[in-house]
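Biologist: I am new to this structure and should be grateful for a close look at one part of it, the pairing of charged side chains. Please set out where such pairs lie, and then place them in the wider arrangement of the chain.

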Amino acid sequence: MANPSLLILPGDGIGPEVMTEVSRIIDWFGTKRGIRFDVSEDLVGGAAYDAHGTPLHDDTMAKAQEVDAVLLGAVGGPKYDALDFSVKPERGLLRLRKEMDLFANLRPAQCFDALSDFSSLKKDVVSGLDIMIVRELTSGVYFGEPRGIIEEGNERVGINTQRYTESEIDRVARSAFDLAMKRNKKLCSMEKANVMESGILWREVVTEVGKDYPEVELSHMYADAGAMQLTRWPKQFDVIVTDNLFGDLLSDLAAMLTGSLGMLPSASLGKPMENGRPKALYEPVHGSAPDIAGQGKANPCACILSLAMALRYSFDLGDEATRLEEAVEQVLADGVRTADLLNVEGATPATTSQMGDAVLAALDASL
Ligand code: NAD
């Protein structure tokens with residue numbers, strides 16, 4: 001049987017630096033665990049613009065459609081700020097998400113014990129936190145028509161439309177229920193059914209889908225109350241499913257409960273392919289961090305944990321994903337930290353590659 005395939009798109013800024021560490025870990029799984037991937041690498045974002053005059057070449061797009069999973073670093077940087085909107089680095093990422101039809105964005109908010117001091121919330125509120133936000137990514141108010149800025153009388157009016165079809169809600173709800181089944185079987189759906197018709201439909205469809213998942217305990221919450229509950233007692237949640245706009249806000253809020261941008265992975269999943277695997281793009285939540293790019297200061301953990309998500313959700317290698325997550329946790333517990341995770345005066349931060357070395361050593365120790 002052919003090896004599973006992985007397309008690596010390091011991108012810009014710290015993207016290539018953190019991806020170098022991920023590549024070493026992929027090699028480790030090949031040599032030490034006999035888990036081999038057919039890995040190809042290509043350009044995205046500013047790097048693709050420099051080479052081809054477009055932030056995503058058609059050939060790269062075609063490759064992304066064929067592989068089992070795409071792993072992306074980050075795109076963007078000040079060098080590209082003045083470019084026309086149509087060729088900005090971010091357009092490359094948006095094209096991938098759109099053409100792969102990645103409708104479910106998974107954003108875990110997991111607080112490693114060693115980092116619970118980094119949260120803006122009290123330690124006992126966040127320590128051991130492990131929740132997953134599933135955000136609908138391809139519809140809703142960011143895409144709905146009509147939209148625009150029009151003249152009305154003697155003033156301008158800005159218009160965006162919140163719009164969801166039943167099938168769009170159904171498919172993202174199923175992704176969330178499937179996830180809940182693999183976790184603690186608790187799902188909370190968030191919308192604003194009290195003031196929005198799209199919220200009423202959302203609640204109805206999620207409830208209907210829930211009938212196919214009798215083992216999952218389903219609850220509903222208004223999204224504003226959800227934001228409050230997330231800061232009050234986030235550990236009450238397991239999986240949260242919500243629309244594009246509320247998900248944008250709530251996933252950032254939940255992510256920050258855990259302290260550092262350098263620790264946050266994400267996955268975007270689409271429909272199952274012929275082999276049953278969902279179309280998938282894995283990437284750290286952070287951007288290209290131009291302020292520290294090229295200095296060996298970037299924390300590779302978010303990208304490494306994105307690989308762990310790929311192992312779990314694209315390759316059914318949940319045990320190996322856990323092995324990798326535990327290796328990262330061990331490294332943090334041992335006090336190996338990049339600068340973004342250091343709050344001790346005078347401590348020497350680990351470099352990006354030293355962090356990679358430490359994760360590899362912890363993986364070795366796990367055998
Ligand atoms: P950013 O995430 O790149 O950086 C925000 C801050 O966090 C910076 O101080 C940075 O040094 C720090 N940081 C981020 N990742 C880190 C890591 N792994 N280790 C240590 N510190 C880290 O966000 P920004 O500064 O708003 O954006 C910079 C560029 O990235 C922009 O061009 C933006 O458009 C782009 N961007 C891309 C993505 C993406 O590729 N998905 C996401 C967000 C921003």
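Modeller: Glu 325 is buried, at a relative accessible area of 14%; here buried means under 20% relative accessible area, exposed over 50%, and partly exposed in between, with a 1.4 Å probe and protein chains only. This is a predicted model, in which local features need pLDDT of at least 70 and side-chain atom pairs count only at pLDDT 80 or more, while totals for chains, interfaces and linings use all residues. Residues are numbered from 1 along each chain as its sequence is written, and side-chain values use heavy atoms, with hydrogens and water left out.

The partner of Glu 325 is Arg 312, and their side chains meet in a salt bridge of 2.8 Å, N to O. A salt bridge is a side-chain nitrogen of Lys or Arg within 4 Å of a carboxyl oxygen of Asp or Glu. Arg 312 belongs to helix H10 and Glu 325 to helix H11 (residues 318-333), so that this pair links distant parts of the chain, 13 residues apart. The names of such elements follow DSSP runs numbered from the N terminus: helices are H or I runs of at least four residues, strands E runs of at least two. Elsewhere, Glu 21, Arg 24 and Asp 357 are joined into one network by salt bridges that share partners. By the same rule the count comes to 25 salt bridges. In general terms, side chains of opposite charge can pair when their charged atoms come close.

Another pair is formed by Lys 79 and Asp 50, again with 2.8 Å from N to O. Lys 79 is in the loop between strand S3 (69-74) and H4, whereas Asp 50 is in helix H2 (residues 46-52), so this salt bridge ties together parts that are 29 residues apart in sequence. Lys 79 counts as exposed at 61% relative accessibility, and Asp 50 as partly exposed at 44%.

Asp 130 and Arg 183 make a further salt bridge, with 3.6 Å between the closest N and O atoms. The two residues are 53 apart along the chain: Asp 130 sits in strand S5 (residues 130-136), and Arg 183 in the loop between H6 and S8. Both Asp 130, at 35% relative accessibility, and Arg 183, at 21%, are partly exposed. That loop, between helix H6 (166-182) and strand S8 (186-191), also holds Asn 184. Asn 184 is exposed, with a relative accessible area of 59%. Its C-alpha atom is 6.4 Å from that of Asp 238, although 54 residues separate the two along the chain.

The wider arrangement comes next. The domain assignment gives domain 1 (1-111 + 262-367) and domain 2 (130-257); the bounds come from an automatic or database domain assignment. Taken over C-alpha atoms, the centres of the two domains are 26 Å apart. Their contact, meaning heavy atoms within 4.5 Å, takes 16 residues from domain 1 and 18 residues from domain 2. About 1,600 Å² is buried between the domains, 59% of it on carbon and sulfur atoms; buried area is the accessible area (1.4 Å probe) that two parts lose on being put together, summed over both. Phe 103, Arg 107 and Ala 109 supply 41% of the area that domain 1 buries against domain 2, more than any other three residues.

Charged pairs occur at this interface as well, where the rule finds two salt bridges between domain 1 and domain 2. Arg 107 also forms a salt bridge with Asp 252, their closest N and O atoms lying 2.9 Å apart. On the side of domain 1 that touches domain 2, the elements giving two or more residues are S4, strand S11 (265-272) and H10. S4 gives the largest share of that side, seven residues.

Strand S4 (104-110) also borders a loop of interest, for Asp 101 is placed between helix H4 (89-99) and this strand. Asp 101 has a positive phi of about 55° although it is not a glycine, and at 24% relative accessibility it counts as partly exposed. A positive phi, near 45°, also appears at Ala 289, likewise a residue other than glycine. Ala 289 is in the loop between strand S12 (278-284) and helix H10 (301-313).
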